[in-house]
Amino acid sequence: MLHADRAATRRSLLTALATSLATPALGQPALTLLNVSYDPTRELYREYNQTFAARWRAQTGQVLRVNTSHGGSGRQARAVIDGLQADIVTLALAYDIDAIAERGLIARDWMARLPFNSAPYTSTIVFLVRRGNPKAIRDWGDLLKPDVRIITPNPKTSGGARWNYLAFWGWALRQPGGSAATAEAATRQLFRQVPVLDTGARGSLTSFAQRGQGDVFLSWENEAHLALEEFKEAGLEIVYPPFSILAEPSVAVVDANADRRGTRAMAEAYLQGLYAPEGQALAARHFYRPRDTALLSANAARFPNMDLITVDGVFGGWAAAQRIHFNDGGVFDRITAR
Amino acid sequence: MSATLASGGPSHVAPVPGLGLTLGMTLAWVGLIVVIPLAALAIKPWELGVAGVVQSLADPRVAAALGLSFGAAFVATLVNLPLGLLLAWAIVRLDFPGRRALDGTIDLPFALPTAVAGIALTALLAPNGWLGAPLMAVFGWQVAYTQAGIVAALVFVGLPFIVRTVEPVLRDMGRDAEEAAATLGATRPQALGRVVLPALAPALLTGFGLAFARSVGEYGSVIFIAGNMPMATEIAPLLIVIRLEQFDYAGAAAVGLAMLLLSFAILLALNLLQRALRRGRR
């Protein structure tokens, strides 16, 4: 019985392997571009890939197919470091692209190669609460009320969670008498009120929306909008705190791979297209804040004006923030150790 | 072969035909699939230097995670031991409607992607789940997002290992020995305790070892139900993933190596115990 099962599994595995090896050779056009991205960009890039391929064909006559891979930002960066043949990375934070650059696959000055720190669109951190906002959560300080339970992924495994953490820290610093010590104490209290730490934003959203855990979910702005659609029956609401952090999901051409595969021209055009009116409009449609100020003010109802701090301004850049807060033995380890 | 026998002397005849070739292929395969990856794991951490490895493992979080992974695997396997024996017994000895269906169901945890199992168990046992809600309301127990949830996931994953190792032994044993014991005046519990269980002990131990080893390294199903709070519900494989997320390959390999050594020691102890049991019965 068991052996028969195992043999069957093995056979089907072999078939699956054979087909997966065969398809790329047979079914695809000669030109492909691989964009390695993070989780909540799925809808945005599905649409952008098509428009870009159409435009590229109109301009050059070449038939191009853009594939996108999605996953946790850090894991995706690691896949590229470990040899995934990405031509482009579009990740949740600059630190993950820095990690690839450190291993020589991307030029060190990648951030200066495109406008706005190589982040064609931005996002921020907002609150997702249950219908009617029963715990009256309006600002970061309300998270520390003793009866409030907060859902966020683990900052050690999730890029989005690092933005959550830094936004809260930035808020705590701004309070009267705020210092690194008071911010650490407040953040320690915050994480005492976190009942579940999933590894990624998707998992946390499931815990919050479907498993009924917690009162507030700290969320990417764009993912909060997607969640409203996706979990209509759960009855969720977005709360915009007056203050938050400017999240700059960065993009870069993976130089080593693009040069070897001869895809540099189209990879660069792909990223530049994100800054063009068409790309900016798509980003806005998928709830990313466009860099184009005219477009942003045209969408002011969907993107309320908030007081946004930057990682560079408050934390001295991602490398420092990572080292001080999230690496082993850093502040996050200290506040979660009992 | 017969030509060799006729012309050469017995000194030229290999004890097993094709021994060199088959042994070579076996060793090459084992080397490629098992030894080389494990050797790579054993070598990687030392990039940090001896002090670095010690420091990397001395973190209280590592100790807590290792303790949790091995502790929860041990508890889950202990729960599975009587449960698995009972199931194997039912499948071999009893005839009831649906026996074949039950027989097939037991293998499901082998086949199901562990993430699916984890998500299903979490949905079931979460404080608003079908099972979790009544447990919470009646007893005030929360299973999902606690250590109990981890054990529940590991019970699910480990069960078939015990059933499938005990079942063939039980089937081979037949009822003769029990019947003989009965004719010699043994009561039912005596026959079970003195005749059946000792004969099954080595198989139970093997099943224990397999289920335990599987549970220690389990990631996919546990991650959804664990809650993943540092020092409380964070399993060692998650710690490995966390270190990888920080691009700390050597530190991740250090935790992996620690798990490997601990698992090896435990499996070795189980093997020795099994050998002692076998010798005792002779």
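1. A word on classes before anything else: Ala, Val, Leu, Ile, Met, Phe, Trp, Tyr, Cys and Pro count as nonpolar, Asp, Glu, Lys and Arg as charged, and the others, Gly among them, as polar. With that split, the lining of the largest cavity comes out as five nonpolar residues, eight polar and one charged. Keep in mind throughout that this is a predicted model.

2. Staying with that cavity: its volume is about 110 Å³, and 14 residues line it. Those nearest the centre are Gly72(A), Ser73(A), Ser158(A), Gly160(A) and Ala201(A). Searching the whole structure turns up three cavities of 30 Å³ or more.

3. Next, the largest pocket, which holds about 310 Å³ of space. Which elements give two or more residues to its lining? They are α8 (201-209) of chain A and α12 (222-225) of chain B. The biggest contribution is from α8(A), with three residues.

4. The pocket has 15 lining residues, and nearest its centre you'll find Arg75(A), Thr199(A), Gly200(A), Gly203(A) and Phe224(B). By class, the lining of the largest pocket has four nonpolar residues, six polar and five charged. If you're thinking about electrostatics there, Arg75(A) counts as charged and is one of the residues nearest the pocket centre.

5. Now a helix to look at, α9 of chain B, covering residues 147-173. Its 27 residues span 38 Å from first C-alpha to last, close to the 39 Å expected at 1.5 Å a residue. Where does α9(B) bend? The bend is at Gly158(B), by about 35°, and Pro160(B) follows within four residues.

6. Both ends of α9(B) have something to check. At its start, a side-chain oxygen of Thr146(B) comes to within 3.2 Å of the backbone nitrogen of Ala148(B). Just after the helix, Gly174(B) has a positive phi of about 65°.

7. Two residues to look at on a Ramachandran plot are Phe116(A) and Phe247(B), with positive phi values near 55° and about 60° respectively, and neither is a glycine. For context, most residues other than glycine have a negative phi. Phe116(A) sits in helix α5 (residues 115-118) of chain A, while Phe247(B) is in the loop between α13 (236-245) and α14 (249-281) of chain B.

8. Are those two phenylalanines buried or exposed? Phe116(A) is partly exposed, at a relative accessible area of 45%. Phe247(B) has a relative accessible area of 10%, so it counts as buried, the cut-off being under 20%.

9. Back in chain A, Gln76(A) belongs to helix α3 (residues 73-81). Its relative accessible area is 8%, which means it is buried. What does its side chain contact? There is a polar contact of 2.8 Å between the side chains of Gln76(A) and Ser69(A).

10. Lastly, two buried residues with partners far along the chain. Ile151(A), in strand β5 (residues 150-151) of chain A, has a relative accessible area of 0%. Its C-alpha is 6.5 Å from that of Ser204(A), 53 residues away along the chain. Over in chain B, Thr77(B) lies in helix α4 (residues 60-93) and is buried at 1% relative accessibility. Thr77(B) and Gly209(B) are 132 residues apart in sequence, yet their C-alpha atoms are 8.7 Å apart.

Conventions: Residues are numbered from 1 along each chain as its sequence is written. Chains are lettered from A and ligands numbered from 1 in the order in which they are written. This is a predicted model: local features need pLDDT of at least 70, side-chain atom pairs count only at pLDDT 80 or more; totals for chains, interfaces and linings use all residues. Side-chain values use heavy atoms; hydrogens and water are left out. The expected span of a helix is 1.5 Å times one less than its number of residues. The bend at a residue is the angle between axes fitted to the seven residues ending there and the seven starting there. A polar contact is a pair of N or O atoms within 3.5 Å; within protein, one must be able to donate a hydrogen and the other to accept it, and residues adjacent in sequence count only if both atoms are side-chain atoms. On a 1 Å grid over the protein atoms alone, a cavity is a set of points where a 1.4 Å probe fits but cannot get out, and a pocket is an open set with protein on both sides within 12 Å along at least five of seven lines; lining residues have an atom within 4 Å of a point. Grid points are joined across faces, edges and corners, and a volume is the space filled by probe spheres set on the points. Buried means under 20% relative accessible area, exposed over 50%, partly exposed in between (1.4 Å probe, protein chains only).
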